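User: Could you take a close look at the chain interface in this one? After that, walk me through whatever else helps me find my way around.

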Number of protein chains: 2
Amino acid sequence: MSPLAGRPRRVLFAVLLVSGFANGAAAAGSSPGDDGKVTDFTLANGMEVVVIPDHRAPIVTHMVWYKVGSADEPPGKSGIAHFFEHLMFKATTNHKAGEFDAAVSAIGGNNNAFTSYDYTCFYETVPAQALREMMDFEADRMRNLVLDDKTVATERDVILEERRSRIDNNPNAVLDEELDATLWQNQPYRIPVIGWMQEMQQLNRTDARAFYDRYYRPNNAVLVVAGDVEPDDVKALAQDTFGKLARGPDLPARIRPVEPEQNTKRTVTLSDARVGVPSFTTQWVVPSYRTAKPGEAEALALLAEILGGGSRSRLYQELVVKKGIAASAGASYQGNMLDATNFAVYGAPRGAATLGEVETALDAEVARIGRDGVTADELEKAKNRLVRSMIFARDQQQAMGNIYGSTLAVGGTVADVEEWPARIRKVTADEVKAAAARYLVFDRSATGYLMPKTQAGN
Amino acid sequence: MSPLAGRPRRVLFAVLLVSGFANGAAAAGSSPGDDGKVTDFTLANGMEVVVIPDHRAPIVTHMVWYKVGSADEPPGKSGIAHFFEHLMFKATTNHKAGEFDAAVSAIGGNNNAFTSYDYTCFYETVPAQALREMMDFEADRMRNLVLDDKTVATERDVILEERRSRIDNNPNAVLDEELDATLWQNQPYRIPVIGWMQEMQQLNRTDARAFYDRYYRPNNAVLVVAGDVEPDDVKALAQDTFGKLARGPDLPARIRPVEPEQNTKRTVTLSDARVGVPSFTTQWVVPSYRTAKPGEAEALALLAEILGGGSRSRLYQELVVKKGIAASAGASYQGNMLDATNFAVYGAPRGAATLGEVETALDAEVARIGRDGVTADELEKAKNRLVRSMIFARDQQQAMGNIYGSTLAVGGTVADVEEWPARIRKVTADEVKAAAARYLVFDRSATGYLMPKTQAGN
């Protein structure tokens with residue numbers, strides 16, 4: 001994988017499987033002879049380590065999660081967190097650019113990296129015996145990157161091209177950016193992960209050096225190892241590789257600007273000739289697992305699941321199946337964030353139906369669930385679906401790593417992950433109704449409309 | 001004037017007389033025996049000084065402009081610039097709280113202060129012989145404020161109450177805040193000058209001390225003295241008072257985050273039972289005098305004047321007089337800002353007319369001026385009105401001081417002020433049309449609607 005290849009293979013955002021699942025999973029990877037217990041410990045230099053046993057195959061997923069994302073960027077330096085997702089694949093004082101990638105490929109492994117608002121993650125899935133080699137490479141690039149002007153300039157061109165192709169050439173992505181900048185009045189989630197073009201263009205070696213020295217430190221990282229390994233072996237290897245790195249300066253608590261009280265209904269409309277079918281999404285600011293009162297985030301996860309979490313959901317059944325007016329309709333909740341997060345509903349018309357008809361029908365379902373609540377039966381089924389989604393995740397080593405890594409990277413614990421199914425089970429129908437009534441208020445919402453361009457006028 | 005009196009008499013924003021005028025004025029205060037020449041010089045410690053002679057009466061307006069406003073605040077510390085507008089009236093190591101105010105009152109003077117996005121200004125208008133005393137007081141509080149926990153906590157309660165009464169109890173002000181936060185996707189003008197409540201509540205002595213030590217320094221201030229004084233006397237007095245203060249650390253250039261390209265049409269709606277008549281405003285991001293290409297800001301000032309600068313404007317004549325559908329309609333341009341600024345149109349219905357009718361008619365006038373341009377006659381009359389507004393300003397000592405002070409506080413020069421009438425005179429009808437066509441594009445605008453609350457809603 002070469003970020004210079006012009007078609008970057010890295011994904012910008014962490015994979016969030018389903019709305020509720022993103023924050024939780026049952027104990028992982030059980031197999032005969034293994035109790036499946038997840039182990040966590042901290043190295044002397046402050047690096048957290050999580051070991052998730054999974055002995056079904058002789059492979060291992062090795063992930064380093066840095067507790068820094070786009071929402072941690074200094075003002076005017078948007079894009080620098082994601083820039084490091086690229087720069088980390090360049091030369092170090094010990095390895096040429098591309099050597100790490102080549103080493104992974106040579107043993108039949110795969111590797112990648114992604115950046116989100118709250119973290120940046122680098123991972124490899126390789127034969128278990130290559131774990132030590134992966135740790136050597138990752139520990140090396142944590143501190144030994146060569147950040148010279150040429151590397152910075154070259155890779156900056158790559159991220160600028162990435163922005164052009166992924167965002168600026170994509171009306172939906174442009175709308176999403178401006179909807180985020182509207183929904184969030186103060187919190188840094190308003191700024192795109194990839195960065196604003198005019199700020200990305202100015203990123204330089206001095207910025208990169210300062211960011212690297214501040215955040216790419218063992219005491220700001222979480223190591224997640226999932227696979228055919230023993231905790232004691234992982235500990236010894238980690239101590240022998242990452243453990244040799246000096247602890248960096250203590251970082252202040254991640255206290256960022258938060259949202260003021262919102263009082264208005266906002267709309268953001270993008271009309272573009274490239275749009276065929278119109279679509280819309282309405283979003284609200286809601287608590288995340290980290291900011292919510294006990295049980296409230298779990299209620300929001302269930303609300304999203306019941307309202308629009310798939311083909312069994314109310315929105316799908318009512319708008320797509322029964323009324324037949326929508327090509328798509330659903331809801332989502334991004335619970336696993338450091339700060340307050342968003343709850344979204346979305347829809348698009350089908351056939352002769354208009355966007356307005358779909359929005360009216362969707363809004364009616366949102367109003368109904370806040371007014372009348374949910375039934376015991378649909379709540380039970382939604383709980384089963386969410387909890388079951390975790391069981392499926394046990395089949396996916398990287399998915400398990402993502403769940404633990406992303407939770408720890410935003411300040412959560414292994415226990416938070418493991419107790420999540422029980423917390424979901426405890427939610428009552430009244431709590432789901434209360435969450436809908438409290439948060440899904442149209443007078444305090446932001447709606448994005450993606451519309452075909454029908455005429456020239458302004 | 002006591003900021004503890006519960007009804008603060010300070011104004012939050014600088015007085016901007018008319019849209020074009022805010023950035024310019026002819027040479028000031030001529031009188032027999034005086035050539036009216038404005039003098040400017042810099043003290044050895046970096047403090048800029050402007051002297052505007054005005055010998056018509058034995059009074060003087062003494063202003064200290066600090067080159068720091070709300071747009072310079074650190075992330076999460078919104079409101080701290082305005083907080084200092086209050087704290088500066090508290091005790092220093094040499095004077096008790098209230099002494100300065102009492103001294104001004106005792107000699108029949110008046111004083112006040114205001115905070116804007118780009119600067120904070122403190123001024124006194126007093127008998128000319130009191131100038132030295134004013135300088136002593138101002139120089140004292142520039143460096144000798146007593147910032148203890150009690151003072152900070154007490155005055156913080158005052159600004160919190162100010163926010164409640166001025167913003168939170170005023171639907172129009174709440175809408176304005178959220179419209180600003182929507183129009184501006186990145187630039188700090190998106191954050192209210194008074195601050196977000198949740199951040200104001202957290203402001204503490206440590207924040208205040210850091211802000212004071214960074215920004216309240218002679219090399220970050222502009223002294224403006226307008227009135228019955230001689231430049232040499234002002235220089236001697238300034239040197240003997242402010243000149244004794246040590247230069248502070250060099251501050252970096254005021255380079256703040258700027259706007260990305262905007263691609264969407266946005267709306268912000270506040271429905272409130274306290275609203276009687278609905279109203280709306282549509283705003284666009286446009287260049288300021290500091291960021292525009294030569295002549296473009298002047299063209300925007302004339303565009304605002306022709307489109308909606310008063311009762312002779314197109315909007316007023318068409319919507320209020322001719323169609324009779326609007327109670328108000330107009331346009332404004334805030335040119336004198338450090339970064340890109342906003343251009344606004346606004347209107348409200350009258351009688352049986354609806355808000356929609358007013359908006360449709362107003363939008364048609366905006367489209368027409370971008371399509372068909374302006375006539376030579378209306379351009380000439382608008383130039384005359386703008387330039388004449390400066391001549392009127394020569395009658396107002398504080399107004400003259402505001403013009404020079406605000407211009408220098410955002411990095412302009414005395415020449416910028418004095419050459420403004422000539423720059424206005426140079427603008428062509430084609431340039432006005434081009435400005436309208438380029439910037440007043442509804443697909444890249446933000447509109448705020450203030451609506452009566454007609455039903456309970458959701």
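Analyst: First, what a superposition means here: the copies are fitted by least squares on the C-alpha atoms of residues with pLDDT of at least 70 in both. Keep in mind that this is a predicted model. With that fit, a rotation of 180° with 0.0 Å of shift along its axis puts chain A on chain B, and the RMSD is 0.0 Å. The two copies are therefore related as by a two-fold rotation axis. Both copies also use the same surface, as 97% of the contact residues of chain A recur in chain B.

Now for the interface itself. On each side the count is 32: that many residues of chain A are in contact with 32 residues of chain B. Four elements of chain A each supply at least two residues to the side that touches chain B, namely α5 (171–183), α6 (197–200), β7 (265–272) and α11. The largest share of that side comes from β7(A), with seven residues. Sorted by class, the side of chain A that touches chain B holds 14 nonpolar, twelve polar and six charged residues.

β7 deserves a zoom. β7(A) pairs with β7 (residues 265–272) of chain B in the antiparallel sense, over five bridges. If you want a spot to click on, A:Lys265 stands opposite B:Thr269 in β7(B).

Stepping back to the whole chain, chain A has 16 helices and eleven strands. Its C-alpha atoms fill a box of roughly 60 × 55 × 40 Å along the principal axes. A compact globule of 458 residues would have a radius of gyration near 23 Å, and chain A has 23 Å, so the two agree. Of those 458 residues, 52% count as buried. Among the contacts in chain A with a separation of 6 or more, 81% are between residues 24 or more positions apart.

α11 of chain A, which you met at the interface, turns up again in the packing around helix α16 (residues 429–439) of chain A. The buried residues of α16(A) are A:Glu431, A:Val432, A:Ala435 and A:Ala436. Looking down the axis of α16(A), these fall within an arc of 135°, so they line one face of the helix. Their cover includes α9 (296–308), α11 (355–372) and α12 (376–393) of chain A.

For a strand pair inside one chain, switch to chain B. There β9(B) and β10(B) pair in the antiparallel sense over seven bridges, with B:Ala329 standing opposite B:Gly347 in β10(B). Strand β9 (residues 326–333) of chain B is mostly covered, with six of its eight residues buried.

B:Pro349 belongs to strand β10 (residues 341–349) of chain B. B:Pro349 counts as buried because 22 C-beta neighbours lie inside 10 Å, and the cut-off for that is 20 or more. Beyond its neighbours within four places in sequence, B:Pro349 is in contact with B:Val277, B:Pro278, B:Ile325, B:Ala326, B:Ala327, B:Thr354, B:Leu355, B:Glu357 and B:Val358. As a yardstick for the view, the C-alpha atoms of B:Pro349 and B:Arg438 are separated by 28 Å, with their positions 89 residues apart along the chain.

Conventions: Residues numbered from 1 in each chain as written. Chains lettered and ligands numbered in written order. Predicted model: local features only at pLDDT ≥ 70, side-chain atom pairs only at ≥ 80, totals over all residues. Buried ≥ 20, exposed ≤ 12 C-beta atoms within 10 Å, placed from the backbone. Arc of directions from axis to C-beta. Contact = placed C-beta atoms within 7 Å. Nonpolar A, V, L, I, M, F, W, Y, C, P; charged D, E, K, R; others polar. Pairing = 2+ DSSP bridges. Rg over C-alpha atoms; globule rule 2.2 N^0.38 Å.
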